[in-house]
Amino acid sequence: MNNNNADEQFALLGLSLPPAPGPLGVYKPCLIEGKFLYLSGHGPVQDDKTLIIGRIGKDLDIEQGKLAARQVGLTMLSTIRTHVGELHKIKRVIKILGMVNCVPEFERHPYVINGCSELFAAIWGEENGVGVRSAVGFGSLPDNIPVEIEAIFELQ
Amino acid sequence: MNNNNADEQFALLGLSLPPAPGPLGVYKPCLIEGKFLYLSGHGPVQDDKTLIIGRIGKDLDIEQGKLAARQVGLTMLSTIRTHVGELHKIKRVIKILGMVNCVPEFERHPYVINGCSELFAAIWGEENGVGVRSAVGFGSLPDNIPVEIEAIFELQ
Amino acid sequence: MNNNNADEQFALLGLSLPPAPGPLGVYKPCLIEGKFLYLSGHGPVQDDKTLIIGRIGKDLDIEQGKLAARQVGLTMLSTIRTHVGELHKIKRVIKILGMVNCVPEFERHPYVINGCSELFAAIWGEENGVGVRSAVGFGSLPDNIPVEIEAIFELQ
């Protein structure tokens with residue numbers, strides 16, 4: 001898949017993007033430095049602006065966690081569209097930190113964060129849509145969201 | 001506010017900087033690569049070199065947590081001064097990771113980390129002193145400090 | 001120590017490298033961008049491909065944790081060798097995030113992560129093998145591994 005197809009691919013997937021979130025504190029949701037686009041930690045914003053809430057292994061099961069990670073990915077796409085316009089302006093994913101809010105016994109963080117990574121692979125392709133990653137369990141997340149993800153992208 | 005005012009702004013705020021901490025392990029507190037300055041995770045060092053200690057939601061309340069994050073910010077400024085001299089050599093904040101040591105029920109990590117971010121905004125201005133950020137809850141932090149923050153800055 | 005000695009130093013240490021792990025999800029273990037090499041979060045892979053498992057302070061003691069961090073370092077070296085060939089192609093360590101899976105009362109994360117950092121210092125020297133670092137406690141890690149580490153290196 002060619003990068004120039006990212007927006008076409010997005011349209012084919014029939015995805016609905018939530019509104020791009022404003023900052024919840026003193027930070028920028030998005031910052032461009034040279035050919036890199038940095039995204040702040042994003043949560044799973046829904047179309048009605050509410051957040052998906054709950055801890056995985058307690059309030060949500062693993063499949064709900066993976067869907068929440070996908071929703072985080074959609075929220076990140078919304079921020080990208082708001083700040084740089086078209087998705088094909090992203091050349092590739094460099095790095096993702098997938099933060100999972102789960103019980104201490106939870107062991108399948110990579111499966112959960114795949115919900116976001118598979119979305120990015122569908123948009124930008126398996127080569128450029130996939131970067132390095134850590135997918136790990138946190139003690140707690142803001143507003144008790146199940147997943148938060150920050151990322152660094154390379155621009156075209 | 002102009003970046004060249006950072007040191008003047010610092011003086012106007014009447015801030016007292018704690019001593020710059022040495023490494024607690026095999027790492028550098030600060031590293032420069034090209035036009036970027038990387039800071040290791042910093043804790044809340046006080047003027048007498050002791051650390052603020054305690055978990056937020058158990059030993060410390062949210063306002064004490066925010067003050068601890070501000071003290072982390074002052075400790076980071078101390079490291080910057082020690083390594084590059086004047087604060088105006090920083091062009092802008094690129095990225096901050098705000099690590100909060102709190103009970104699993106805690107939900108207001110962004111409010112806590114604002115203690116550092118508001119300090120940086122006061123020093124370098126609301127445009128250059130504010131970058132992307134994640135502010136999230138960890139399971140534990142070294143020496144049971146309430147807040148640890150790492151950062152990437154762009155140099156002039 | 002000169003960087004060009006990294007592979008010689010490696011041989012002198014008589015180290016055995018585990019097999020380089022494939023991705024456990026939708027990510028790349030290693031990505032090169034310009035003169036930087038990014039490594040995804042790595043776990044402690046052993047020579048027989050199994051992982052060291054357990055939480056520090058519950059299943060493993062602090063010395064076992066430090067050995068696990070060293071094993072993570074060896075696993076990272078294996079990935080580097082697989083992707084760029086010789087270890088001397090690394091100029092220096094820029095940044096490490098040391099993620100420790102431990103009980104909430106644990107306070108000595110830097111000591112644990114030194115297991116990896118001391119290995120890197122032995123390979124690339126105390127100046128180039130040591131970068132900035134955060135070593136902190138997570139709520140849980142994939143497969144209940146005790147340590148996961150991600151890193152950014154500068155290439156020659």
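Copies of a chain are superposed here by least squares on the C-alpha atoms of residues with pLDDT of at least 70 in both. The structure is a predicted model, in which local features need pLDDT of at least 70 and side-chain atom pairs count only at pLDDT 80 or more, while totals for chains, interfaces and linings use all residues. Residues are numbered from 1 along each chain as its sequence is written, and chains are lettered from A and ligands numbered from 1 in the order in which they are written.

**Exercise 1. Determine which rotation and shift superpose chain C on chain B, and identify the residue of chain C that comes closest to the axis.**

Step 1. Two copies of a chain are related by a rotation about an axis and a shift along it.

Step 2. Chain C falls on chain B, with an RMSD of 0.0 Å, after a rotation of 120 degrees and 0.0 Å of shift along the axis. This is the relation of a three-fold axis.

Step 3. Within chain C, Gly139(C) comes closest to the rotation axis, its C-alpha lying at 2.6 Å.

Step 4. Chain B is laid on chain A in a corresponding operation, a turn of 120 degrees with a shift of 0.0 Å along the axis and an RMSD of 0.0 Å. In chain B, the C-alpha nearest that axis belongs to Gly139(B), 2.6 Å from it.

**Exercise 2. Describe the side of chain C that touches chain B, and explain why the copies meet through different surfaces.**

Step 1. Counting two residues as in contact if their C-beta atoms, placed from the backbone, lie within 7 Å, 26 residues of chain C are in contact with 22 residues of chain B.

Step 2. With helices (H or I, at least four residues) and strands (E, at least two) taken as DSSP runs numbered from the N terminus, strand S3 (90-101), helix H3 (109-128) and strand S4 (132-138) of chain C each give two or more residues to this side. H3(C) gives the most, with eight residues.

Step 3. The residues of this side divide into 13 nonpolar, seven polar and six charged, where Ala, Val, Leu, Ile, Met, Phe, Trp, Tyr, Cys and Pro count as nonpolar, Asp, Glu, Lys and Arg as charged, and the others, Gly among them, as polar.

Step 4. Only 8% of the interface residues of chain C are also interface residues in chain B, so the copies meet through different surfaces.

**Exercise 3. Establish how the span of helix H3 of chain B departs from that of a straight helix, and locate its kink.**

Step 1. The expected span is 1.5 Å times one less than the number of residues, and a straight helix of 20 residues would therefore span 28 Å, whereas H3 (residues 109-128) of chain B spans only 22 Å between its end C-alpha atoms.

Step 2. Taking the bend at a residue as the angle between axes fitted to the seven residues ending there and the seven starting there, H3(B) has a kink of about 90 degrees centred on Ala122(B).

**Exercise 4. Decide whether Cys116(A) is buried or exposed, and list its contacts.**

Step 1. Cys116(A) is found in helix H3 (residues 109-128) of chain A.

Step 2. A residue is buried if 20 or more other C-beta atoms, placed from the backbone, lie within 10 Å of its own, exposed if 12 or fewer, and partly exposed in between. Cys116(A) has 30 other C-beta atoms within 10 Å and is therefore buried.

Step 3. Not counting residues up to four places away in sequence, Cys116(A) touches Ala69(A), Arg70(A), Val72(A), Gly73(A), Gly98(A) and Ile149(A).
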